[in-house]
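This report introduces a structure to a reader who has not met it before. The sequence and the structure are shown first, and the description follows.

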Protein chains: 2
Amino acid sequence: MAAPVTRRTRNLVHTDPADVPLQDALDALADPVRRSILRELSAEPDFIRACGTFDLPVSKATASHHFAVLRAAGLLEQADRGPRRLNRLRRAEFEARFPGLLALVLAEGTSR
Amino acid sequence: MAAPVTRRTRNLVHTDPADVPLQDALDALADPVRRSILRELSAEPDFIRACGTFDLPVSKATASHHFAVLRAAGLLEQADRGPRRLNRLRRAEFEARFPGLLALVLAEGTSR
DNA sequence: GCGAGTGTACGATGAGCATCGAACATGTCA
DNA sequence: TGACATGTTCGATGCTCATCGTACACTCGC
């Protein structure tokens, strides 16, 4: 029941956060749309939200691009379930690579 | 002896790190030239290095622009001493506003 | 197989920003 | 006052990237 390997899944490439340069991490987090994705994702359990379920102020094509950037920066893991692509925030791994960084993003907009 | 207020100093505006949005901080740190300035600055005592003493791969005009961006992001404090403008890295204040962020930048290139 | 739903790939467009040279401003010292 | 050094400002240029519409690919249920 868990994770049938489809044709699409085979083309899905992930990046180990340990291999991500600081430059790439900062570039990924410098975009407000991408940060909002991360915050929204952090509010729910892993592998619940599909890409299309996010309320973003951009087109479908642009949203897809943002998810690809976040994945390449080691910030999220994706898994195909049927036609949907579910997302997981890589909290622990990314925190180990860049201590404190993700917390700043998730806390953005909170209080102050 | 300390800090004569010249005409130039009066036009020098600083930003309190506490007032800096995460967006501005990330934008400032996303540039490799600016990060190299911060790292170089962190290796020496406060208010020692003038803007012109940094070995940067850009023109004088561009370097000046980078210093202005860093100042606006609450990352450094500047003080005029004669024709030179000396720099101080605002470690503590910036760390208080964005815990862990500056440390990541300063550690970039170390080991690994 | 067909249709609907989901996501990606592609090519084009536009805005923002890093960059530069040159001119200017400021401060020091002779 | 003049010469020199330091740094900023200004306008122009080029590149990168976010954005979009469209077409395509994949998966599932009928």
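## Terms and model

Contact here means that heavy atoms lie within 4.5 Å. The structure is a predicted model.

## Helix α4 of chain A

Helix α4 of chain A comprises residues 60–72, 13 residues in total. From its first C-alpha to its last the helix reaches 19 Å, close to the 18 Å expected at 1.5 Å a residue. Five residues of α4(A) are listed as buried: A:Ala63, A:His66, A:Phe67, A:Leu70 and A:Arg71. These buried residues cover an arc of only 135° around the axis, which puts them on the same side of α4(A).

The cover over the buried residues of α4(A) includes α3 (32–42), β1 (76–81) and β2 (84–89) of chain A. Just after the helix, A:Gly74 takes a positive phi of about 75°.

## Helix α4 of chain B

In chain B, the end C-alpha atoms of α4 are 19 Å apart, which agrees with the 18 Å that its 13 residues should span at 1.5 Å a residue. The buried residues of α4(B) are B:Ala63, B:His66, B:Phe67, B:Leu70 and B:Arg71. Seen down the helix axis, the buried residues of α4(B) fall within an arc of 135°, so they line one face of the helix.

Against these buried residues pack α2 (22–29), α3 (32–42), β1 (76–81) and β2 of chain B. B:Gly74 follows α4(B) and has a positive phi, near 75°.

## The surface near DNA strand D

There are 23 residues around DNA strand D, and those that come nearest are A:Thr6, A:Ser59, A:His66, B:Gly52 and B:Ser64. A:His66 also belongs to the buried residues of α4(A). By class, the surface near this strand has 7 nonpolar, 8 polar and 8 charged residues. Elements that each supply at least two residues are α1 (7–10) and α4 of chain A, together with α4 (60–72) and β2 (84–89) of chain B. The most is given by α4(A), with 4 residues.

Sugar or phosphate accounts for 75% of the atoms of DNA strand D within 4 Å of the protein, and the rest belong to bases. An N or O atom in the side chain of A:Thr6 is 2.6 Å from a phosphate oxygen of the strand. For B:Ser64, the distance from a side-chain N or O atom to a phosphate oxygen is 2.4 Å. A base is reached as well: a polar side-chain atom of B:Lys60 lies 3.2 Å from a base nitrogen of DNA strand D.

## The surface near DNA strand C

Around DNA strand C there are 23 residues, of which A:Ser64, B:Thr6, B:Arg7, B:Ser59 and B:His66 come nearest. Of the atoms of DNA strand C that come within 4 Å of the protein, 75% belong to sugar and phosphate. The class counts for this surface are 7 nonpolar, 8 polar and 8 charged residues.

Several side chains meet the phosphates of this strand. An N or O atom in the side chain of A:Ser64 is 2.4 Å from a phosphate oxygen of DNA strand C. From chain B, a polar side-chain atom of B:Arg34 lies 3.0 Å from a phosphate oxygen, and a polar side-chain atom of B:Thr62 lies 3.1 Å from a phosphate oxygen. Two or more residues are given to this surface by α4 and β2 of chain A and by α1 (7–10) and α4 of chain B. The largest share, 4 residues, comes from α4(B).

## Two buried residues in strand β2 of chain B

B:Asn87 has its place in strand β2 of chain B. B:Asn87 is buried, with a relative accessible area of 0%. Its side chain reaches the backbone oxygen of B:Arg85 at 3.3 Å. Beyond its neighbours within four places in sequence, B:Asn87 is in contact with residues including B:Leu41, B:Phe47, B:Ile48, B:Cys51, B:Phe54 and B:Phe67.

B:Arg88 also lies in strand β2 of chain B. B:Arg88 is buried, with a relative accessible area of 15%. The side chain of B:Arg88 makes a polar contact of 2.9 Å with the side chain of B:Glu93. Neighbours within four places in sequence aside, the residues in contact with B:Arg88 are B:Leu41, B:Asp46, B:Phe47, B:Leu75, B:Leu76, B:Glu77 and B:Glu93.

Key: Residues are numbered from 1 along each chain as its sequence is written. Chains are lettered from A and ligands numbered from 1 in the order in which they are written. This is a predicted model: local features need pLDDT of at least 70, side-chain atom pairs count only at pLDDT 80 or more; totals for chains, interfaces and linings use all residues. Side-chain values use heavy atoms; hydrogens and water are left out. The expected span of a helix is 1.5 Å times one less than its number of residues. Buried means under 20% relative accessible area, exposed over 50%, partly exposed in between (1.4 Å probe, protein chains only). The arc is that of the directions from the helix axis to the C-beta atoms. A residue is near a molecule or strand if one of its heavy atoms lies within 4 Å of it. A polar contact is a pair of N or O atoms within 3.5 Å; within protein, one must be able to donate a hydrogen and the other to accept it, and residues adjacent in sequence count only if both atoms are side-chain atoms. Ala, Val, Leu, Ile, Met, Phe, Trp, Tyr, Cys and Pro count as nonpolar, Asp, Glu, Lys and Arg as charged, and the others, Gly among them, as polar.
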